[in-house]
Amino acid sequence: MNLLDNGDVFGERISLVDLKFDKNIRFAGKRVNFGVQVANLFNSDAATVYNQTYTATRLPNGTWVDDDPATPNTVEVNNWGAITQIVEPRFARVSVTVHF
């Protein structure tokens, strides 16, 4: 059973800008293509995936606790809502293609 219904919580907005420039140069019946491509131009770090697992233990009296008393030497860490993946980082690609 989920803690929240679908659409109850939203992450930040994801806006990505990719840029690509190409230039074709023709000479002597041949063609050279120069290109530069930049992905994620403004280097957004928006979260795309969150941890949706909430860990809790029910005691015999019916109450719920985060730390399981049956494992006293182990500290359970509840990472519900923690970011597990972000947008791919900015990168650039330079290309030269010769058609003959």
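**Exercise 1. Determine in which loop asparagine 43 is found and characterise its backbone and exposure.**

Step 1. Asparagine 43 is found in the loop between β2 and β3. Strands here are DSSP runs of E of at least two residues, and helices are runs of H or I of at least four residues, numbered from the N terminus. The model is predicted, so local features need pLDDT of at least 70 and side-chain atom pairs count only at pLDDT 80 or more, whereas totals for chains, interfaces and linings use all residues. Residues are numbered from 1 along each chain as its sequence is written, and side-chain values use heavy atoms, with hydrogens and water left out.

Step 2. Although asparagine 43 is not a glycine, its phi is positive, at about 55°.

Step 3. The relative accessibility of asparagine 43 is 36%, so this residue counts as partly exposed. The classes are buried (under 20% relative accessible area), exposed (over 50%) and partly exposed (in between), computed with a 1.4 Å probe on protein chains only.

**Exercise 2. State where asparagine 40 lies and whether it is buried or exposed.**

Step 1. Asparagine 40 lies in the loop between β2 and β3, the latter strand covering 47–50.

Step 2. Phi of asparagine 40 is near 55°, a positive value in a residue other than glycine.

Step 3. Asparagine 40 counts as buried because its relative accessibility is 6%.

**Exercise 3. Identify what the side chain of serine 44 reaches, and which residues serine 44 is in contact with beyond its sequence neighbours.**

Step 1. Serine 44 has its place in the loop between β2 and β3.

Step 2. At 3.3 Å, the side chain of serine 44 reaches the backbone nitrogen of alanine 46.

Step 3. Neighbours within four places in sequence are set aside; serine 44 is then in contact with Ser15, Leu16 and Val87. Contact means heavy atoms within 4.5 Å.

Step 4. Serine 44 and serine 15 are 29 residues apart along the chain, and their C-alpha atoms are separated by 7.5 Å.

**Exercise 4. Describe the open sheet: its strand order, pairing sense, edges and twist.**

Step 1. The open sheet consists of 3 strands in the order β1-β2-β7, with antiparallel pairing. Two strands pair if DSSP finds at least two bridges between them.

Step 2. The edge strands are β1 (19–27) and β7 (91–99), each of which pairs on one side only.

Step 3. From one strand to the next, the twist averages 10°. The underlying axes are lines fitted to C-alpha atoms (for helices, over the stretch in contact), and angles run from 0 to 180 degrees between N-to-C directions.

Step 4. Between β1 and β2 (residues 30–39), the antiparallel pairing extends over 9 bridges. Within the sheet, arginine 26 stands opposite arginine 31 in β2.

Step 5. Alanine 28 lies in the loop between β1 and β2. Its relative accessible area is 69%, so alanine 28 is exposed. Alanine 28 and phenylalanine 100 are 72 residues apart in sequence, yet 9.5 Å apart in space, C-alpha to C-alpha.

**Exercise 5. Analyse the surroundings of asparagine 33 and find which side chains form the salt bridge.**

Step 1. Asparagine 33 is found in strand β2. With a relative accessible area of 14%, asparagine 33 is buried.

Step 2. The side chains of asparagine 33 and asparagine 24 make a polar contact at 2.6 Å. A polar contact is a pair of N or O atoms within 3.5 Å; within protein, one must be able to donate a hydrogen and the other to accept it, and residues adjacent in sequence count only if both atoms are side-chain atoms.

Step 3. Leaving aside neighbours within four places in sequence, asparagine 33 is in contact with Asp22, Lys23, Asn24, Ser95, Val96 and Thr97.

Step 4. The structure holds 1 salt bridge, defined as a side-chain nitrogen of Lys or Arg within 4 Å of a carboxyl oxygen of Asp or Glu. In this salt bridge, the side chains of aspartate 22 and lysine 20 meet at 3.7 Å, N to O.

Step 5. Aspartate 22 is partly exposed, at 46% relative accessible area, while lysine 20 is exposed, at 55%.

**Exercise 6. Characterise the protein as a whole: how many helices and strands are there, and how spread out is it?**

Step 1. The protein has 0 helices and 7 strands, giving the pattern β-β-β-β-β-β-β along the sequence.

Step 2. The radius of gyration is 25 Å, well over the 13 Å that the globule rule gives for 100 residues, so the protein is more spread out than a compact globule. The radius is taken over C-alpha atoms, and the rule is 2.2 Å times the number of residues to the power 0.38.

Step 3. Along the principal axes, the C-alpha atoms fill a box of roughly 85 × 30 × 20 Å.

Step 4. Of the 100 residues, 10% count as buried. Among contacts between residues at least 6 apart in sequence, 64% join residues at least 24 apart.
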